[in-house]
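Let's take a relaxed walk through a protein model, one piece at a time. Keep the structure open beside you as you read.

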Amino acid sequence: MALDTPKRDFKIVGTRVPRPDGIDKVTGKAAYGADITATGMLHGRILRSPHAHARIISIDTSAAEAAEGVKAIVTSADFATPDDAGIRDIRDNCLALDKVLYDGHAIAAVAATSKSAAKAAIRLIRVEYEILPHVTDVDAAMKPDAPIVQSGRAFESVPAGMSQNVHSHVEFGHGDLDAGFANADKIIERTFKTAATHQGYIEPQACMANLGADGRGELWCCTQGQYMVRENCAAILGIEASQLRVTSSEIGGGFGGKTTTFIEPVALALSRKSGKPVKIVMTREEVFRATGPTVSTSMDVKIGMKNDGRITAARAELRYQGGAFPNHTVEFGAQAAFAAYDLAAVQTLGWGVMTNRPKEVAYRAPGAPTAIYAVESVVDELCQQLNLDPLDVRLLNAARKGTLSAYGPTFNEIGLVATLEAAKNHPHYTAPLGENQGRGLSCGFWFNFGGNTCVSLNLNSDGTVGVVEGNPDIGGSRASISMMAAEELGIPYDKVRTVIADTTSLGFNDVTDGSRVTFAVGLATIEAARAAKNEMCARVAKLWGIDTDAVQWEDGSVKPAGPNAGEHAPMSIADIAAIADETGGPIAGHHEVNADGAGVSFGVHLVDTEVDPETGATTVLRYTVFQDAGKAVHPDYVEGQMQGGAVQGIGWALNEEYIYGDDGLLQNASLLDYRVPVASDLPNIETVILEIPNPGHPYGVRGVGETPIVPPLAAISNAVSRAAGIRLTELPMSPPRILHAITQRRDG
Amino acid sequence: MRYVKPDSFENAAQLLFDSTGITRILAGGTDVLVQMKAEMVEPDLLIDLKHLSGMREITHENGGFRIGAAVSGAELGEHAGVNALWPGVVEGMELIGSTQVQGRATMVGNLCNGSPAADSVPAMVTAGAIARIHGPDGARDIPVYEVPTGPGKTSLARGEFITSIYLPARPENASDAYLRFIPRTEMDIAVSSAAVSLELDSKGICTEAKVAIGAVAPTVRLVDDASAALIGTSLDDDAITKLVAAVEAACSPIDDKRGTIAFRTKTAGVLAKRAAKIAYARAGGTS
């Protein structure tokens with residue numbers, strides 16, 4: 001769907017209206033995953049593996065079944081066999097099949113009349129294990145003699161002779177690399193490692209399932225996609241989609257981590273077996289051990305540059321482990337790595353690897369932050385060694401309209417150059433720095449997504465409007481969608497209410513991911529509003545006894561199109577709605593689409609840090625985010641996305657990591673030792689929104705949710721490396737790691 | 001689990017003495033309740049003491065202060081007298097947890113939890129604080145330094161509990177300071193820590209010094225060589241170098257997820273140096 005007009009004066013879009021969910025959230029009225037109860041409800045609890053890797057010899061549930069208050073116990077034997085291999089993996093992650101594949105892997109679950117009875121029963125389940133050797137590091141897992149996590153999972157793209165843990169291989173690029181490197185004045189090649197990080201959503205996964213003897217089910221859960229939950233659960237339980245209605249709760253953060261199912265099929269199986277509603281609420285420890293963090297990586301990047309800063313050739317090899325099941329994250333990383341550059345010769349190779357860790361799940365722009373961290377670190381080091389301005393070098397090499405991207409497509413209108421120029425012209429870039437301080441910057445990129453979307457827009461008899469959409473509101477979408485509906489209809493924002501439908505109330509909607517909702521649901525909402533407007537025009541034309549094309553829509557009213565249409569007083573939406581029953585019945589508009597044209601997104605982050613040379617502690621002094629939003633529908637939310645991404649990136653860069661011991665067990669399954677930043681760790685994150693309209697959206701909107709987490713890793717690493725006087729190549733840059741690097745530099 | 005609010009110290013001691021299962025004492029509850037919620041401990045008996053006489057009071061006594069075992073960090077932090085006399089003790093206590101936790105957390109709870117990384121303990125040790133203990137045989141006083149005996153362990157006998165901490169009087173030209181290293185700026189556990197208490201003469205020469213380090217050994221350690229390095233000096237570079245060397249020599253930390261041996265040792269020295277300089281300035285010294 002094309003951009004209406006390059007320049008447009010919006011009345012509502014672009015303003016900072018009150019958020020519709022605000023009062024409910026601050027007063028505690030909002031109902032999250034754990035906030036619902038039902039008569040006769042049981043409490044579910046899950047038994048988890050204490051081992052990193054073991055064969056399950058036997059599971060004896062007899063003592064637990066006999067315990068007081070226990071109404072049902074389920075294992076993988078209570079699940080069906082889905083046709084789809086991906087959903088079979090999800091099933092085997094929800095309850096282990098014949099092997100436990102990581103510390104925390106679910107094995108069995110109990111439903112009991114109280115939480116304490118469920119807890120006591122879990123301890124009575126006897127599991128006999130044959131402990132197997134394990135591997136949790138990506139490089140170790142790729143070695144030919146590494147312990148095998150799963151056999152026979154490699155795609156055809158993987159060459160013979162590699163460890164069976166290597167499940168996928170991808171390659172992108174173009175041009176003559178050898179000639180490019182031969183033409184370089186300076187070549188730097190470095191190896192990087194990054195730790196797995198967690199999305200850190202505040203709300204642990206929670207659900208309540210009610211699957212009756214008639215096979216009809218109701219599920220309430222905290223998710224980024226109720227339709228995805230329905231598809232997964234129906235397949236895993238062996239029931240038809242129509243028999244399961246899924247309602248998404250209010251959501252306390254997701255960031256990609258709630259784009260799959262962990263507990264919902266288990267709760268449904270327990271409910272089916274017990275005949276009672278079953279509620280499961282994960283603990284924080286379970287969230288860390290057994291939901292999906294992001295990948296950990298090992299990466300090589302080699303870049304050649306002329307003395308003037310022109311990049312002659314670039315190559316990256318990425319090795320990503322995503323836990324005990326295959327995943328495609330390395331493909332995104334390999335495509336995104338060099339997206340910000342216009343390159344004559346470029347190649348990226350990616351290897352997807354399995355280890356004895358939890359199954360990886362998306363985390364904002366999955367795969368891109370780490371790859372771009374490695375690339376932008378080498379670009380920064382080249383700038384240092386060639387004494388070049390890092391922004392000038394990026395401008396010199398920047399991708400723009402017409403660039404053949406490193407991953408294949410040729411770019412349309414993109415905002416990278418404008419974003420880089422905004423950073424260069426910002427006072428932050430030239431502000432003075434003190435002792436032990438350094439400034440870093442990085443470009444960031446994300447593809448963005450459109451996808452399957454349905455919207456219904458209903459005109460109420462008092463002239464107000466209800467919008468029904470099918471994506472959980474994770475970043476302010478109810479506000480943005482109401483704003484776009486109001487803008488299109490020419491009515492005030494507070495006359496529109498947007499609600500999130502359950503799975504029976506609308507057709508299929510893709511998950512809230514890929515920064516897609518404001519773009520795709522917004523687009524469908526605008527189309528639904530236009531359909532309603534067309535209908536209103538037809539009704540008025542009928543009323544006036546003239547042709548439909550003799551009326552026109554203007555400023556929220558239907559008017560005669562010209563003098564030949566006759567003298568008629570304009571009719572407002574309220575006027576038309578009030579007499580809808582006389583003109584043909586209720587008025588609604590709807591739109592169904594598999595939206596494309598999401599438009600890629602670029603951002604630039606600028607950060608100043610100070611490193612304490614005696615302790616290795618890093619202080620983030622100043623941080624500015626520049627990003628192209630296409631059109632910022634609700635600037636507060638756009639700024640919030642930009643700030644939130646920067647903050648999560650600061651945590652990822654400095655302290656967050658999954659720490660596995662030699663025993664293969666997770667050592668820091670709590671928010672004490674998994675260190676997300678606290679408010680006092682952060683400066684105010686300044687934001688600069690650029691608006692280069694997306695040609696694929698009627699209002700020019702681009703998704704903004706994921707790009708902000710891409711640049712922080714490199715921006716902070718570049719700032720810290722300059723402040724500490726030594727190049728750091730491993731994340732997180734925890735104080736012991738920085739102090740060690742400083743000590744090594746001093747000792748020569 | 002049984003929850004009991006005894007009506008006297010005597011009854012509390014008897015209850016504790018008679019209890020055969022797992023027992024926990026509730027003052028602020030910021031360790032016990034979190035441990036219960038995390039299923040780390042399931043006490044058979046929970047004894048609540050915070051309502052008993054003097055438990056929530058700060059009283060002036062012989063030029064020092066007696067601080068009840070249930071006085072919260074927030075209450076301590078707002079007490080002008082204690083702040084003026086032992087600012088290092090107050091700043092150690094105030095580093096624990098969040099604003100919400102400060103409303104409940106207590107020094108005695110922090111001490112009896114037995115963590116080598118307890119933030120309130122090093123400065124209590126350098127202050128020469130005295131713990132008043134009640135038990136089946138009545139009351140006794142021991143130095144705070146002698147309370148922890150290892151991670152999670154104390155020297156308290158069966159049936160004993162601490163009812164107050166006494167912070168003694170101190171002369172003019174004296175002060176203290178506490179610093180810890182954490183990877184974040186708050187809401188964390190010390191990777192290493194140091195407290196320094198100094199007394200100066202009228203010329204700014206250090207006449208008395210105590211240096212304690214935390215999170216670098218099974219218990220908080222008093223470093224006599226570090227004290228010796230400071231006494232008789234005005235904290236010149238040579239004295240500071242000797243202080244750092246003495247502190248580093250006294251460290252015997254572990255390698256774990258929170259920090260390496262090398263990192264803990266190095267930062268303990270850095271923190272002792274910085275804390276000494278703060279205490280020196282607070283005591284009126286100029287260097």
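What follows goes from the overall build to sheets, a helix and charged pairs.

## Before we start

This is a predicted model, where local features need pLDDT of at least 70 and side-chain atom pairs count only at pLDDT 80 or more, while totals for chains, interfaces and linings use all residues. Residues are numbered from 1 along each chain as its sequence is written, chains are lettered from A and ligands numbered from 1 in the order in which they are written, and side-chain values use heavy atoms, with hydrogens and water left out.

## Chain A as a whole

Chain A comes to 21 helices and 27 strands. Both kinds of element are DSSP runs numbered from the N terminus: helices are H or I with at least four residues, strands are E with at least two. Along the principal axes, the C-alpha atoms of chain A fill a box of roughly 90 × 75 × 50 Å.

How does its radius of gyration fit a compact globule? For 748 residues, such a globule would have a value near 27 Å, and chain A has 27 Å, so the two agree. (The radius is taken over C-alpha atoms, and the globule rule is 2.2 Å times the number of residues to the power 0.38.)

Of the 748 residues in chain A, 62% are buried. Buried means under 20% relative accessible area, exposed means over 50%, and partly exposed is in between, using a 1.4 Å probe and protein chains only. Now take contacts (heavy atoms within 4.5 Å) in chain A between residues at least 6 apart in sequence: 79% of them join residues at least 24 apart.

## Two open sheets

Strands of a sheet pair through backbone hydrogen bonds, either parallel or antiparallel. Here, two strands count as paired if DSSP finds at least two bridges between them.

In chain A, three strands make an open, antiparallel sheet in the order β4-β2-β6. At its edges stand β4 (99–100) and β6 (126–131) of chain A, each with a single partner strand, so one side of each has no neighbour in the sheet. Strand β2 (residues 54–60) of chain A is joined to β6(A) by six bridges. If you want a spot to zoom in on, A:Ile59 has A:Val127 in β6(A) as its bridge partner.

Chain B has an open sheet of four strands, β11-β12-β13-β14, again with antiparallel pairing. Its edge strands, β11 (174–181) and β14 (221–222) of chain B, each pair on one side only. Strands β12 (residues 192–200) and β13 (residues 206–214) of chain B share eight bridges, and B:Val196 stands opposite B:Val211 in β13(B).

## A helix with a buried side

Helix α21 (residues 735–746) of chain A has twelve residues, which at 1.5 Å a residue should span 16 Å, and its end C-alpha atoms are indeed 16 Å apart. The expected span is 1.5 Å times one less than the number of residues.

Which residues of α21(A) are buried? They are A:Pro735, A:Ile738, A:Leu739, A:Ala741 and A:Ile742. These residues cover an arc of only 160° around the axis, so they sit on the same side of α21(A). The arc is that of the directions from the helix axis to the C-beta atoms. Their cover includes β24 (601–611), β25 (618–628) and α20 (712–724) of chain A, together with β11 and α11 (261–282) of chain B. After α21(A) comes A:Gly748, with a positive phi near 75°.

## Charged partners

Side chains of opposite charge can pair when their charged atoms come close. The cut-off for a salt bridge is a side-chain nitrogen of Lys or Arg within 4 Å of a carboxyl oxygen of Asp or Glu. Over all chains, the structure holds 66 of them.

One of them joins B:Glu42 and A:Lys119, with the closest N and O atoms 3.8 Å apart. This pair crosses between chains, from the loop between α2 (32–37) and β3 (45–48) of chain B to helix α4 (residues 115–122) of chain A. B:Glu42 is partly exposed at 38%, whereas A:Lys119 is buried at 19%.

Another pairs A:Asp139 with A:Lys193 at 3.2 Å, N to O. A:Asp139 is in helix α5 (residues 138–142) of chain A and A:Lys193 in strand β8 (residues 186–194) of chain A, so the salt bridge ties together parts 54 residues apart in sequence.
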